[in-house]
Amino acid sequence: MKNRLRNAGLRVLVCALLSVPAVVSAADDPSATSFIKTSGTNFTLDGRPFFVTGVNNHYLTYGSPDEVTRVLDDAVAMGANVVRTFLQPVIGSLDGSKPTIWDWRLEGEASNLAVKGTYLLYWDPSQNRMAVNDGADGMQKVDFLIAEAGKRRLRLIIAVLDFWAFTGGAQQMRAWYGSRDAPGVQSQYNTDLSKEKSEFFFQDPRTKRDYRTWVSHVVQRVNPLTGLAYRDDPTIMAWELMNEGNAQPEALRLAWTTEMTAYVKSLDPNHLVTSGHANVESKLSDLTIPTLDFGTWHGYPLYYKLTVQQFDSLITEFCRLAVRAGKPVLLEEFGYARSNQNFAQAYAMWLDTLTRERNCAGWMVWRLVSRQDSGRYPVDEYDKFDIHNDGGPLWSILKAATARATQTRETSPASETSRQLP
């Protein structure tokens with residue numbers, strides 16, 4: 001394993017040092033106004049493969065304009081073609097009669113969840129219902145993100161909601177209705193989920209109604225900066241129902257996913273729809289849902305107690321699941337702490353496998369963060385997953401991987417890039 005790690009790292013580093021150009025495939029395609037589609041295990045753009053080389057960022061819907069554009073510019077510099085984010089924050093009521101379960105007025109760096117009073121969804125006590133903030137400290141920030149991504153020919157995967165309580169998410173929405181286990185901020189990989197936390201949002205008729213209302217508002221919103229309704233904007237690659245919507249039991253999750261993917265598609269036939277679920281333990285069980293266009297999974301070897309080599313084997317396994325379902329499968333979150341001595345070589349190995357395995361649809365690293373308005377990069381003391389445009393070994397590996405993927409995965413018709421299992 002050590003030799004393979006070393007060789008994979010050296011291969012990709014050599015490419016980077018030779019200044020292989022980082023190509024943003026959507027930028028060079030004259031059909032930037034076309035929607036991303038699927039063909040078998042591939043994403044396609046105008047009938048040709050579109051291999052996702054992407055990044056995640058969690059603060060694009062509440063950061064300052066400069067903080068947002070720095071991330072987008074760094075994504076372009078890396079050669080990324082897709083950026084993924086979540087629609088957030090969600091709060092209680094402005095008058096405090098419905099408590100907010102987290103500090104939404106926190107000042108500081110956006111990367112550290114300081115949203116400085118931004119909110120998209122809230123409880124309106126005068127109407128006794130959920131309401132949407134369409135103002136400058138609300139949906140206009142999403143308008144800005146979409147418009148700026150479009151200028152850079154970046155595509156967006158947008159999760160309509162976050163399951164976790166970091167900036168409210170589904171946990172705040174269930175707290176509106178007095179759900180007993182109203183949480184504070186918890187580890188997003190805490191698998192000891194209470195029954196209340198994992199069931200209430202997905203089966204209570206009020207939260208299901210609110211979710212559908214939110215989806216309808218989002219997909220039909222007209223962006224004043226582009227003149228396009230979100231559902232008509234090809235800058236958006238796909239909608240995700242929720243980031244890591246951990247409904248339990250599994251039957252409830254699959255039923256909710258079936259219902260809501262169908263609902264999104266009834267309002268927006270243009271865009272791809274997926275679940276956003278981590279899907280590791282369930283082995284992509286939601287791929288069988290007809291209205292789900294592609295599968296997602298989130299890979300963190302530390303949390304799943306996997307070695308670097310075992311995680312590499314998991315990549316191959318999940319891409320083979322894509323063949324059986326006849327749908328793309330996207331590794332849309334993965335990370336390995338910088339504190340691991342072999343972290344750069346591990347990324348190089350995984351990116352090499354993802355590119356070589358012809359039925360892998362792409363990858364999105366967690367997470368790209370850029371300089372904050374303070375002029376500093378955020379301090380990443382906990383996970384140590386942050387990626388910076390700093391010219392370091394990992395940045396060079398990622399740049400070389402995007403270039404290689406563009407050259408080897410997007411040069412032939414989509415029908416030639418996938419294969420069937422024997």
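Visitor: How many aromatic pairs does a search of the whole structure find?

Guide: In this predicted model, the search finds 23 aromatic pairs.

Visitor: Why is the aromatic pair of phenylalanine 201 and tyrosine 211 called edge-to-face?

Guide: The ring centres are 6.3 Å apart, and the limit for a pair is 6.5 Å, so the two rings count as a pair. The planes stand at 90 degrees; an angle over 60 counts as edge-to-face, and therefore the name applies.

Visitor: What parts of the chain does this pair link?

Guide: Phenylalanine 201 belongs to helix α6 (residues 195–203) and tyrosine 211 to helix α7 (residues 205–220), with these positions 10 residues apart in the count along the chain. Both phenylalanine 201 and tyrosine 211 are buried.

Visitor: Why is the pair of tryptophan 297 and phenylalanine 318 called tilted?

Guide: Their centres are 4.4 Å apart, within the 6.5 Å limit. The angle between their planes is 40 degrees. Stacked requires under 30 degrees and edge-to-face over 60, so this pair falls among the rest, which are called tilted.

Visitor: What makes this pair a tie between separate parts of the sequence?

Guide: Tryptophan 297 is in strand β11 (residues 295–299), whereas phenylalanine 318 is in helix α9 (residues 308–325), so the pair joins parts that are 21 residues apart in sequence. Tryptophan 297 and phenylalanine 318 are both buried. They also belong to one aromatic cluster, whose other members are Phe311, Phe334, Tyr336, Tyr347, Trp350 and Trp363.

Visitor: How do you know that α6 is mostly covered?

Guide: Of the 9 residues of α6, 7 are buried. These are Glu196, Lys197, Ser198, Glu199, Phe200, Phe201 and Phe202. They pack against α5 (169–175), α7 and α8 (250–267).

Visitor: Why is lysine 98 said to lie over the face of tryptophan 123?

Guide: Lysine 98 is at 5.1 Å from the ring centre of tryptophan 123. The distance limit is 6 Å, so this value satisfies it.

Visitor: Why is aspartate 380 counted as buried?

Guide: Its relative accessibility is 12%. Buried means under 20%, so aspartate 380 qualifies. Aspartate 380 is found in the loop between β13 (362–365) and α11 (393–409).

Visitor: What makes the approach of the side chains of aspartate 380 and arginine 338 a polar contact?

Guide: The distance between the two side chains is 3.2 Å, and the limit is 3.5 Å, so the value fits. In sequence aspartate 380 and arginine 338 are 42 residues apart, and their C-alpha atoms are 10.0 Å apart in space. A polar atom of the aspartate 380 side chain also lies 2.8 Å from the backbone nitrogen of phenylalanine 385.

Visitor: Why do β1 and β3 stand at the edges?

Guide: The sheet is open, with 3 strands in the order β1-β2-β3 and antiparallel pairing. β1 (37–39) and β3 (48–49) each have a single partner strand, so one side of each lacks a neighbour in the sheet.

Visitor: How do you know that β1 and strand β2 pair?

Guide: β1 and β2 (residues 42–45) share 3 bridges in the antiparallel sense. At least two are required, so β1 and β2 count as paired. Threonine 38 stands opposite phenylalanine 43 in β2.

Visitor: How many helices and strands does the chain have?

Guide: The chain has 11 helices and 13 strands. Of its 422 residues, 62% count as buried.

Technical notes: Residues numbered from 1 in each chain as written. Predicted model: local features only at pLDDT ≥ 70, side-chain atom pairs only at ≥ 80, totals over all residues. Heavy atoms only, no water. Helix = DSSP H or I, 4+ residues; strand = E, 2+ residues; numbered from the N terminus. Phe/Tyr/Trp six-rings, centres within 6.5 Å; stacked < 30°, edge-to-face > 60°. Buried < 20%, exposed > 50% of the residue type's maximum accessible area, 1.4 Å probe, protein only. Lys NZ or Arg CZ within 6 Å of the ring centre and 35° of its normal. Contact = heavy atoms within 4.5 Å. Polar contact = N/O pair within 3.5 Å; in protein donor to acceptor, adjacent residues only side chain to side chain.
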